[in-house]
Amino acid sequence: MYTTERRPSMAERRPTIVAMSAQSVVPHLAGIEDPLPDTTPEKVDVLIVGTGMVESVLAAALSWQGSSVLHIDRNDHYGDSSATLTVDQIKKWVNSVNQGLFSGCYDNAKLYVSTSIGNHNGKYASRDFGIDLAPKVLFAKSDLLSILVRSRVHQYLEFQSLSNFHTFENDNFEKLTNTKQEIFTDQKLPLMTKRNLMKFIKFVLNWEEQPEVWKPYADTPLCDLLVEKFRLEKAQVFELMFSIGLCYNMQTKTPEALQRIRRYLSSFDVYGPFSVLYSKYGGPGELSQGFCRSAAVGGATYKLNETLTSYDPNTKMALFGDGSQVYVTEKVVASPSQAPKDSRNIPNQKYEVHRLTCVVEKSCEQWFSEGESAAVIVFPPGSLKSGNVEVVQAFILGSGSEICPGGTSVWYLSTMQQGSRAEMDLDAALEAMEASLIRESSTDLEHDDSLVQFGPNGETLINSVRLGQSFKQYVPRERIQFLLKLYYTQYTSTPPFNVVDPSFFDINNIDGNGKLIPGASDNGVLYTAMPSGEISYDEVVTAVRVLYEKIVGSDDDFFDLDFEDEDEAPMNKADYENAIEDDEDVDMNVGRHESAEFVGEMEI
Amino acid sequence: MLQFKLVLLGDSSVGKSSIVHRFVKDSFDEFRESTIGAAFLSQTIKIEDKGSQQEVVIKFEIWDTAGQERYKSLAPMYYRNANAALVVYDVTQQDSLAKAQGWVNELKTKVGEDDLVICLVGNKLDLCTEEGESSSKPKAVESSDAEGYANEQGLLFHEVSAKTGEGVKQVFQSIGEKLYEFKKHELANSKGRQGAGGDTVNVQLQRPSTNDATSCCG
């Protein structure tokens, strides 16, 4: 279907690189070695519009493959729909949303900002905060993580672990029992339940190879399998589906749910006793900056504050807001949120993700594990006063993540519930978190020894169940101080679980039999999808890979990078600090197999 | 060993990268294979602790702009946690000092001046030293003007030639010494004190640590 000739891969291009470096003992400062043109390039292979997560990873992939890339963004900052914003930038963004600038991508943005932020004499500055528009967590065993390491982009970033997953049930937060040790030492679990749970965990790590177990349940929700085959109780079913699997509702089908549960378990103990990481200073907004920098080092040209006005697929000319233009030899890729005026080709973003982001004047340390500054709280279906059908997920970050000042924390709540009841669910979840936080920080409970337990490694654990029980008699005396509250609805073309549907990228394919829409400013433009509501980065690499294949003709050389930096040069022992010791453990199967994202085993 | 992040700033064509080249090359005797894609360049220098007469090794992690300065498109990530900055101008270009001053202002708003060592560097000295030669250009920026500005702003100041190497080592040496002075002061002042969230542990992604809970700490 695609006639695009496959260009030489990195591997094929390598001899020239080696020849180049053989002459020079000086490390190559790519991107600034060549004399730089003063104006926008006249001709590029690929024009990318919007510096969101998918576009940025794509820019890096294409640059290192050898394509010339012009990457623009209409904002004065990186990140687009996955940006990390200061409070002032949030205000501006909310205004833009409410002026309809992002119609079809965002609406219904409501913002409250306390006078303590900004205003010259405020306690906090706007830039003390880095709020993500589409916050995400990173699984320790995932395709994105191996690309981060392979591309060396991880060296621009800092990562921290997140091990506390709480499930909200019966007005209590239950801390996740996710390790073998914890399952065995958990005094509450009956022996039979422990056995059943261990049986299931063994099964799920190799579930695909045991069709006799799950095939009869292939089209039914996972809970049927868990209850009928593994005889698990409701508490364990909820924990497995919603905390470990991070599923969105009870209807989640068996294969999808098993895949998600395994994702968590196979990520455990890769870097330590946790499954999930997040990046410091901000999430996808930070990663986007890192991949853009990598693309720039690989030769891409960057231009913020620039808009695409139109693209003509016949002349292959793209026009920009500042009057300049460029000839595009291959493709124009654009984020729906940065489509040119008079665009008619944006795929329908029909799924809603409702978000509520709060900045709270509380450190929330009681929710975090020691040495950590983050937690996830999951509100399963039916656990909230609002009678929620869909899960509400809350991702909490404390000041250790450097996205907010000491003594504050950021709460990211989201739900896939469609329509107006989503906001009721978000409010109910917020209320539950607020109430529990007030109770937990109450001094009345401080000297109750039964609230403190010791973990397998001797670390102290607050017994949140006991806390929950004593909460019921407790009447809050203080209220939580909110520094910021932001509600918004985000739209995406990516349905839950169907991580990426390649057909979305065909709509506008003029190389095929697509028809041009007269008068449209965006004929021939390949649109990316808006970020989905998925709390992990799992959709990103799949989406980039599909786009990459459409542009390059094959994904054989997708991030086929072979940087031989520091570890190749035997220098001082001390210089090994940044050296990559052994990639094999992390670079599992990237670029080799289509569906190999979650291969991996865990010793049980 | 102390490690510092150093960023380069200045307009394109003032020779930012060639200064780094000269610095890295002059003290570089190992053949290093393709470093394309290296996140940043590193180089170590040695300075002397004036009190103890002991040698201190300082490692610079040098971030280039990768061309992102051209359209004012540097990301916050570039400036974050920078300990030192080299702001470069071209001594043969009249307006390049003014542009460098613009970058100094940009730095001061983006990083905050307290703990940042900024060094103003006039490059291409070789072009205007040998009078009478056909390639020579008049010196368009007087040393006294640039130095006056640097003093006023509390910046280090050097004039160099990346081409001949003149003055390049001294730039990094003086930055290293000033950083060490700061660091020593800071270490003495902040004994046992942790900043906000200072005890949250980072995870090193290049080091998977199967079944070893302690090796995740950096």
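Which hand does the crossing of H2(A) and H11(A) have, left or right? Let's keep that one for a moment, everyone, and start with the chain as a whole. Please bear in mind that this is a predicted model.

Chain A has 14 helices and 22 strands. Its length is 604 residues, and 51% of them count as buried. If we take the contacts in chain A with a separation of 6 or more, 76% of them come from residues 24 or more positions apart.

Now, back to the opening question. Helix H2 of chain A covers residues 53-65, helix H11 of chain A covers residues 284-297, and their axes are 8 Å apart at an angle of about 20°. An angle under 35 degrees counts as roughly parallel, so H2(A) is roughly parallel to H11(A). And the answer is that the crossing is left-handed.

Who meets whom there? From H2(A) we have A:Met53, A:Ser56, A:Val57, A:Ala59, A:Ala60 and A:Ser63. On the H11(A) side they meet A:Pro284, A:Leu287, A:Ser288, A:Phe291, A:Cys292, A:Ser294 and A:Ala295. By character, the residues of this contact are nine nonpolar and four polar, with no charged ones.

Let's turn to another helix pair. Helix H6 (residues 191-205) and helix H10 (residues 254-267), both of chain A, pack with their axes 9 Å apart and an angle of about 95°. That angle makes H6(A) roughly perpendicular to H10(A). H6(A) brings A:Ile201, A:Val204 and A:Leu205 to the contact. H10(A) answers with A:Leu258, A:Ile261, A:Arg262, A:Leu265 and A:Ser266. Here the split is six nonpolar, one polar and one charged.

Finally, have a look at a sheet that takes in both chains. It is open, with four strands in the order S6(A)-S10(A)-S7(A)-S7(B), and the pairing is antiparallel. Which strands stand at the edges? They are S6 of chain A, residues 138-139, and S7 of chain B, residues 202-203. Each has a single partner strand, so one side of each is left without a neighbour in the sheet.

Within that sheet, strand S7 of chain A (residues 159-162) and strand S10 of chain A (residues 276-279) pair in the antiparallel sense over four bridges. If you would like one bridge to find on the screen, take A:Leu162, whose partner in S10(A) is A:Val276.

So, to recap the two helix pairs: H2(A) with H11(A) is the roughly parallel one, and H6(A) with H10(A) is the roughly perpendicular one. Thanks for listening!

Conventions: Residues numbered from 1 in each chain as written. Chains lettered and ligands numbered in written order. Predicted model: local features only at pLDDT ≥ 70, side-chain atom pairs only at ≥ 80, totals over all residues. Pairing = 2+ DSSP bridges. Axes fitted to C-alpha atoms, helices over the stretch in contact; angles between N-to-C directions. Parallel < 35°, antiparallel > 145°, perpendicular 65-115°, else oblique. Contact = placed C-beta atoms within 7 Å. Nonpolar A, V, L, I, M, F, W, Y, C, P; charged D, E, K, R; others polar. Left-handed = near helix turned anticlockwise from the far one by under 90°. Buried ≥ 20, exposed ≤ 12 C-beta atoms within 10 Å, placed from the backbone.
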